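This report covers how two protein chains meet DNA and each other. Load the model and follow along.

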Protein chains: 2
Amino acid sequence: MSADSVRERLLAGRAGPDRASGSAADRVHDALRADLLAGHLSYGERLVEEQLAERFHTSRTPVREALRRLETDGHVVRDPAGGVRPNPPRVSAMRDVYAVRFVLEDLVVTLAARGAGQADREALERLRVEWLELREAWPQLRDQIDWPDFVHADESFHEGIARASGNRAALRYLRDVNERIRVLRIHDFTTADRIEATIEEHLEILDAACAGEVATATALMATHVEASASVVEARVGTLLARMFDAGEGEL
Amino acid sequence: MSADSVRERLLAGRAGPDRASGSAADRVHDALRADLLAGHLSYGERLVEEQLAERFHTSRTPVREALRRLETDGHVVRDPAGGVRPNPPRVSAMRDVYAVRFVLEDLVVTLAARGAGQADREALERLRVEWLELREAWPQLRDQIDWPDFVHADESFHEGIARASGNRAALRYLRDVNERIRVLRIHDFTTADRIEATIEEHLEILDAACAGEVATATALMATHVEASASVVEARVGTLLARMFDAGEGEL
DNA sequence: GGTCCGGTGGCTGTATACAGATCCGTTCGA
DNA sequence: TCGAACGGATCTGTATACAGCCACCGGACC
């Protein structure tokens with residue numbers, strides 16, 4: 001397996017499902033979501049349907065729908081004065097979502113490691129092979145990718161576990177959780193150390209899960225998610241402080 | 001506290017937030033949701049924007065929005081042939097959602113019983129008083145209410161715990177969980193026995209939580225939710241079998 | 001008889017006009 | 001000078017027309 005193909009897979013989920021061929025509502029939604037995640041919109045800025053329609057060369061109808069979707073995903077909040085504005089990240093809200101993530105990740109890794117179905121076990125094994133390849137390829141990749149993009153590889157790992165759990169509801173809720181904390185988790189992988197540690201942790205979890213060692217797998221997963229939460233909280237704390245100083249957002 | 005006022009509180013949440021004054025989209029959404037929960041729509045029936053607009057004396061625009069909301073709440077699914085149709089309940093999907101509910105209820109009761117904040121502790125105490133009153137009033141209420149309506153009282157108990165946990169994300173996800181299993185949970189409270197047992201279990205949980213006995217509270221909550229799952233699954237199993245015999249839905 | 005192809009109806013996606021609510025500035029009066 | 005009412009700008013909610021897609025159906029050809 002070449003480093004290039006691993007790199008391709010790693011970057012595949014970067015912008016989410018890249019549906020250039022989708023409806024106008026999809027286009028607007030994806031574009032705004034990307035802007036929000038990249039921090040291109042300041043938190044005071046109001047997003048007004050008419051203006052967005054003009055910007056995306058479409059009418060208000062698709063824009064309306066896109067804004068509603070962004071709202072239910074927690075990316076924007078309604079402004080009493082009309083329109084919506086980017087939902088400023090708060091440390092307290094992040095802690096709440098992470099607490100939910102802990103218990104959901106524990107649930108899916110338990111189910112996956114218990115491995116009732118043959119198909120689930122095989123899915124775990126495939127995931128393990130992928131991450132073995134990624135570890136192999138990392139020395140070459142580290143100069144070729146923007147490290148924050150690694151968050152998408154990380155998400156695909158956790159999504160893989162959730163799939164292997166066979167619990168579709170848990171998968172759906174974990175996706176929602178990821179959607180809500182992605183804007184912050186981008187700040188997780190900013191050093192090579194963090195990425196290399198993450199790769200090792202993922203492989204340890206997969207080893208335990210594939211071996212059916214439920215207790216080991218859940219313990220490792222708890223440590224893994226805990227570490228991510230700590231790193232993100234530390235980084236985000238200083239980030240929010242900086243934005244606050246700059247008068248860009250409210251805490 | 002009179003039985004009447006308890007009854008009033010108990011039935012308050014019956015139809016969800018009853019916003020007769022809301023937008024047309026809200027009206028359509030609430031009406032369709034009520035129909036779906038009451039089982040007034042057969043699972044084969046396609047809901048088409050134009051027809052619904054005529055039925056509710058409005059245009060397609062609010063109907064569109066209502067259908068999208070019902071879709072994200074899992075009440076309807078898109079039909080490849082156009083429109084949406086009621087999402088037929090499946091036992092396997094119910095088990096998945098209940099597995100998520102287990103871990104979320106465990107999380108919130110843990111947080112609530114740990115009771116970091118004074119306000120949370122007071123909220124728990126108020127909830128306990130409400131259920132003491134409900135137990136008191138039950139002998140009179142049992143002839144005055146449709147027992148399935150008790151599901152709304154039950155939900156308000158669990159929502160109260162989630163509020164007292166102080167974790168807004170968990171509260172949001174539990175609301176979503178409730179939204180998805182309500183159509184089935186209606187079949188939980190069809191006997192006086194079940195209702196009386198539920199009241200006692202709620203009070204035991206609240207006693208433990210108010211006393212800060214975390215382990216006891218979580219154990220009681222687990223037993224409580226487990227019992228609900230069993231009862232619902234048994235009832236729903238026969239219900240789905242009957243619908244299937246009648247050719248109304250697909251499994 | 002089966003399969004492929006083109007027509008056709010139905011439904012969604014989108015554009016656009018209009019109505020109603022709300023907020024802000026201004027002006028008039030005390 | 002302060003307050004209240006008026007007016008206008010702005011934005012969302014809703015109605016409606018139009019365009020395009022897609023499944024379904026019927027017929028022709030293999």
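## DNA surfaces and helix packing

Helix 3 (49-55) and helix 4 of chain A each supply at least two residues of the surface near DNA strand D, and so do helix 2 (24-38) and helix 4 of chain B. Helices are DSSP runs (H or I, at least four residues), numbered from the N terminus. This is a predicted model: local features need pLDDT of at least 70, side-chain atom pairs count only at pLDDT 80 or more, and totals for chains, interfaces and linings use all residues. Residues are numbered from 1 along each chain as its sequence is written, chains are lettered from A and ligands numbered from 1 in the order in which they are written, and side-chain values use heavy atoms, with hydrogens and water left out.

**DNA strand D.** 17 residues surround this strand. The closest are A:Arg64, A:Gly83, B:Ala24, B:Thr58 and B:Ser59. Near means that a heavy atom of the residue lies within 4 Å of the strand. Of the atoms of DNA strand D that come within 4 Å of the protein, sugar and phosphate account for 57%. The surface residues divide into five nonpolar, six polar and six charged. In this scheme Ala, Val, Leu, Ile, Met, Phe, Trp, Tyr, Cys and Pro count as nonpolar, Asp, Glu, Lys and Arg as charged, and the others, Gly among them, as polar.

**DNA strand C.** Here 15 residues surround the strand, and the closest are A:Ala24, A:Thr58, A:Ser59, B:Arg60 and B:Arg64. Sugar and phosphate account for 57% of the atoms of DNA strand C that come within 4 Å of the protein. The surface divides into four nonpolar, five polar and six charged residues.

The table lists polar contacts with both strands; such a contact is a pair of N or O atoms within 3.5 Å.

| Protein atom | DNA atom | Distance |
|---|---|---|
| A:Ser59, polar side-chain atom | phosphate oxygen, DNA strand C | 2.6 Å |
| B:Arg46, polar side-chain atom | phosphate oxygen, DNA strand C | 3.3 Å |
| B:Arg60, polar side-chain atom | base oxygen, DNA strand C | 2.9 Å |
| A:Arg60, polar side-chain atom | base oxygen, DNA strand D | 3.0 Å |
| B:Ala24, polar backbone atom | phosphate oxygen, DNA strand D | 2.5 Å |
| B:Thr61, N or O atom in the side chain | base nitrogen, DNA strand D | 3.0 Å |

**Helix 8 against helix 8.** Helix 8 (residues 168-185) of chain A packs on helix 8 (residues 168-185) of chain B at an angle of about 150°, with the axes 12 Å apart. Helix 8 of chain A is therefore roughly antiparallel to helix 8 of chain B. That term covers angles over 145 degrees, while under 35 is roughly parallel, 65 to 115 roughly perpendicular and the rest oblique. Axes are lines fitted to C-alpha atoms, for helices over the stretch in contact, and angles run from 0 to 180 degrees between N-to-C directions. A:Arg172, A:Tyr173, A:Asp176, A:Val177 and A:Arg180 meet B:Arg172, B:Tyr173, B:Asp176, B:Val177 and B:Arg180. Contact means heavy atoms within 4.5 Å. The residues of this contact divide into four nonpolar, no polar and six charged.

**Helix 5 against helix 8.** The axes of helix 5 (residues 91-114) of chain A and helix 8 of chain B come within 7 Å and cross at roughly 55°. Helix 5 of chain A and helix 8 of chain B are therefore oblique to each other. A:Asp96, A:Val97 and A:Val100 meet B:Arg168, B:Ala169, B:Ala170, B:Arg172 and B:Tyr173. Five nonpolar, no polar and three charged residues make up this contact.

**Within chain B.** Helix 7 (residues 150-165) and helix 8 of chain B pack at about 165°, with their axes 11 Å apart. Helix 7 of chain B is therefore roughly antiparallel to helix 8 of chain B. Their contact divides into four nonpolar, two polar and seven charged residues.

Terms used: A polar contact is a pair of N or O atoms within 3.5 Å; within protein, one must be able to donate a hydrogen and the other to accept it, and residues adjacent in sequence count only if both atoms are side-chain atoms.
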